Amino acid sequence: MPQPRNGFCPAYLLFLFLVIPLARVLALPTPVAIASASPTPALFSSQTLSQLKQLQRAALESDYAYRQVAHLANNIGPRLSGSAQAAKAVEYVARELEAIGCDVQLEKAMVPHWVRGEERAALVQFPGQAPNTTQRIVLCALGGTVATPKDGIEAEVLVVKNFDELKAMAREKVAGKIVLFNYPFDKQMAAEGRGMQAYGEAVVYRGQGPSAAARQGAVACLIRSVGSADYRLPHTGMTNYATDAPKIPAGAVTAEDADLIASLVRQGPVKMALVLTPQTLPEVESANVLADVKGSEYPEQVIIVSGHLDSWDLGTGAIDDGAGVAVSMEAANLIQKLHLKPKRTIRVIAWINEENGEAGSKQYAKDHEKEFSNHFAALETDGGAGHPIGVNIKARPEVKKMFSPVADILQESGAGILDLVEHCGADIEPLEKAGVPAFSPIQDSRFYFNYHHTPADTLDKIVPKELAENSAVVAVVAYALANMERPLPR
Ligand SMILES: [Zn+2]
């Protein structure tokens with residue numbers, strides 16, 4: 001139906017008398033206000049937005065990240081700090097990033113060199129025991145633990161649920177025993193996609209349990225493995241000795257063995273023989289790998305895109321965190337391959353020693369502290385390789401709104417959620433603390449803790465398509481930050 005040339009069309013009348021007053025009642029900006037030119041220019045130019053889409057498409061089609069993590073996990077293998085494999089990985093990643101045209105630096109960091117020895121345990125006395133038998137207990141040493149005497153420790157096991165239960169006990173009840181913290185990992189929480197929170201709740205026993213037990217005279221400390229699976233796998237990870245307690249040997253038993261011991265202890269005294277023979281060797285010189293794609297307009301402003309190169313020694317470090325390194329390398333690879341010119345410098349970092357000391361991250365903070373005001377933002381991917389549903393943001397709340405054009409693009413692969421969080425990554429924590437806005441992909445955490453820090457952290461746990469989705473999120477967020485028209489608030 002043609003509109004009358006002079007006078008008001010019915011739609012316009014509706015607009016005047018209904019839409020504008022309604023909008024005022026609802027305290028919304030009126031359509032008239034939206035129509036007038038906004039005084040602030042867009043945060044992302046139309047060229048940047050189209051480049052982001054181009055990057056996203058390329059990431060979803062590329063197998064570069066998968067080939068990188070496959071090499072790290074399968075060809076190099078476990079990469080615990082101080083090991084020959086960790087050194088080889090530093091060299092490999094540096095060479096690969098050089099090959100795609102990045103400006104690569106190795107920045108020296110001294111790292112601990114802890115090596116796992118023999119680790120075995122058996123119940124040697126328990127209710128209902130058949131004569132001349134023992135029961136094998138599946139466990140592993142916790143990272144950084146001291147050794148038992150060569151012939152091991154034989155002592156009664158005391159099972160507690162948590163710190164409160166231990167603290168409520170008289171010292172005489174704990175002294176001379178092997179304390180087992182039987183705090184369960186919340187599998188339901190992980191199943192709901194909140195694996196990181198479930199981990200956070202349980203991992204305090206791995207960190208602080210041994211010193212808490214030692215303060216009350218325990219001779220060794222075991223924890224129930226911090227993880228969600230049911231395949232009798234022990235989960236390793238770092239323990240942290242406090243300075244006010246003697247260092248006692250510390251290990252993690254499988255969830256199944258924790259249940260077994262707890263059940264027997266309810267029936268009567270249980271004695272365990274425990275042998276752990278790890279060694280702490282002298283520190284080793286290692287390095288963070290830094291690879292810059294120089295900014296065309298503000299080369300001094302840096303966006304860090306990172307993962308950690310070291311891994312635990314039981315598996316091959318595919319999901320923790322070969323994947324994080326690989327997707328970070330992919331971001332640089334695609335930017336170079338598509339001949340994109342970021343306005344700010346994109347710096348890929350493969351951190352060393354996240355798992356048992358964070359020496360790499362601490363060293364970077366020491367060496368670059370004076371440049372932190374020029375660190376525009378920092379990303380870290382360290383939650384595996386599961387399907388990403390969005391982006392965590394640790395920054396001023398208004399940053400979330402500023403990023404909504406980017407979220408619209410990320411939604412294309414189902415990653416459009418923006419979530420304000422308190423923390424985005426262990427290695428970028430010194431930057432977070434200095435007020436540098438931080439980002440990380442929100443990854444599917446339902447299965448991550450089945451494998452985390454176990455012998456089953458291997459390449460087959462990575463679905464190539466999901467890894468590529470993570471690459472897309474990381475590349476898009478990194479390039480969006482590099483080309484924003486205004487700085488982020490701090
Ligand atoms: Zn990790």
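The following dialogue treats selected features of a predicted model.

Me: Which strands does β9 pair with, and how should such pairing be read?

Reply: In a regular strand the side chains alternate between the two faces of the sheet. In this model, strand β9 (residues 271–276) runs antiparallel to strand β2 (residues 119–125), and 6 bridges join them. Strand β5 (residues 153–160) also pairs with β9 in the antiparallel sense, over 4 bridges.

Me: Which residues of β9 stand opposite L123 and E156?

Reply: The bridge partner of L123 in β9 is M272. E156 stands opposite K271 of β9.

Me: Which atoms coordinate the zinc ion?

Reply: A metal site is read from its donor atoms. Here the zinc ion is coordinated by NE2 of H308, an OD atom of D320, and two entries from D382, each listed as OD, at 1.9 to 2.7 Å. The donor residues follow the sequence spacing H-x11-D-x61-D. D320 belongs to helix α11 (residues 318–337), whereas D382 lies in the loop between β13 (375–380) and β14 (388–394), so this pair ties together parts that are 62 residues apart in sequence.

Me: What is the geometry of the zinc site?

Reply: Geometry is judged from the angles among the donors. The 4 donor atoms of the zinc ion make angles of 51 to 147 degrees, and the site is irregular. A tetrahedral assignment would need all angles to lie between 85 and 135 degrees.

Me: Is D320 buried or exposed?

Reply: The relevant quantity is relative accessibility. D320 has a value of 3% and therefore counts as buried, since the limit for that class is under 20%.

Me: What is notable about the peptide bond between D320 and D321?

Reply: The angle to inspect is omega. For the bond joining D320 and D321, omega is about 5 degrees, and the bond is cis. D321 is located in helix α11, the helix that also holds D320.

Me: How is the largest pocket found and described, and what is its volume?

Reply: Rolling a probe the size of a water molecule over the atoms shows where empty space is left. The largest pocket of this model has a volume of about 1,400 Å³. It is lined by 45 residues, and those closest to its centre are M196, Y199, D382, H423 and A426. D382 is also a donor to the zinc ion.

Me: Which element gives the largest share of that lining, and what is the character of the residues?

Reply: Helix α9 (195–215) is among the elements that give two or more residues to the lining, and with 10 residues its share is the largest. Other such elements include β14, β15 (417–420) and β16 (438–443). By character, the lining comprises 14 nonpolar, 19 polar and 12 charged residues.

Me: What are the volume and lining of the second largest pocket?

Reply: The second largest pocket holds about 220 Å³ of space. Its lining has 14 residues, with G386, F447, Y448, K461 and E466 nearest the centre. These lining residues divide into 7 nonpolar, 4 polar and 3 charged.

Me: Where do R232 and H339 lie, and what is the sign of their phi angles?

Reply: Backbone phi is read together with residue type and location. R232, which is not a glycine, has a positive phi of about 55 degrees and lies in the loop between β7 (220–224) and β8 (250–253). H339, likewise not a glycine, has a positive phi of about 55 degrees and is placed in the loop between α11 and β12 (344–351). With a relative accessible area of 38%, R232 is partly exposed, whereas H339, at 64%, is exposed.

How values were computed: Residues are numbered from 1 along each chain as its sequence is written. This is a predicted model: local features need pLDDT of at least 70, side-chain atom pairs count only at pLDDT 80 or more; totals for chains, interfaces and linings use all residues. Side-chain values use heavy atoms; hydrogens and water are left out. Two strands pair if DSSP finds at least two bridges between them. Donors are N, O and S atoms within 2.8 Å of the metal (3.2 Å for Na, K and Ca); water is not among the atoms, so sites may look incomplete. Four donors count as tetrahedral if all angles lie between 85 and 135 degrees; four count as square planar and six as octahedral if opposite donors are over 155 degrees apart and all others between 65 and 115; anything else is irregular. Buried means under 20% relative accessible area, exposed over 50%, partly exposed in between (1.4 Å probe, protein chains only). On a 1 Å grid over the protein atoms alone, a cavity is a set of points where a 1.4 Å probe fits but cannot get out, and a pocket is an open set with protein on both sides within 12 Å along at least five of seven lines; lining residues have an atom within 4 Å of a point. Grid points are joined across faces, edges and corners, and a volume is the space filled by probe spheres set on the points. Ala, Val, Leu, Ile, Met, Phe, Trp, Tyr, Cys and Pro count as nonpolar, Asp, Glu, Lys and Arg as charged, and the others, Gly among them, as polar.
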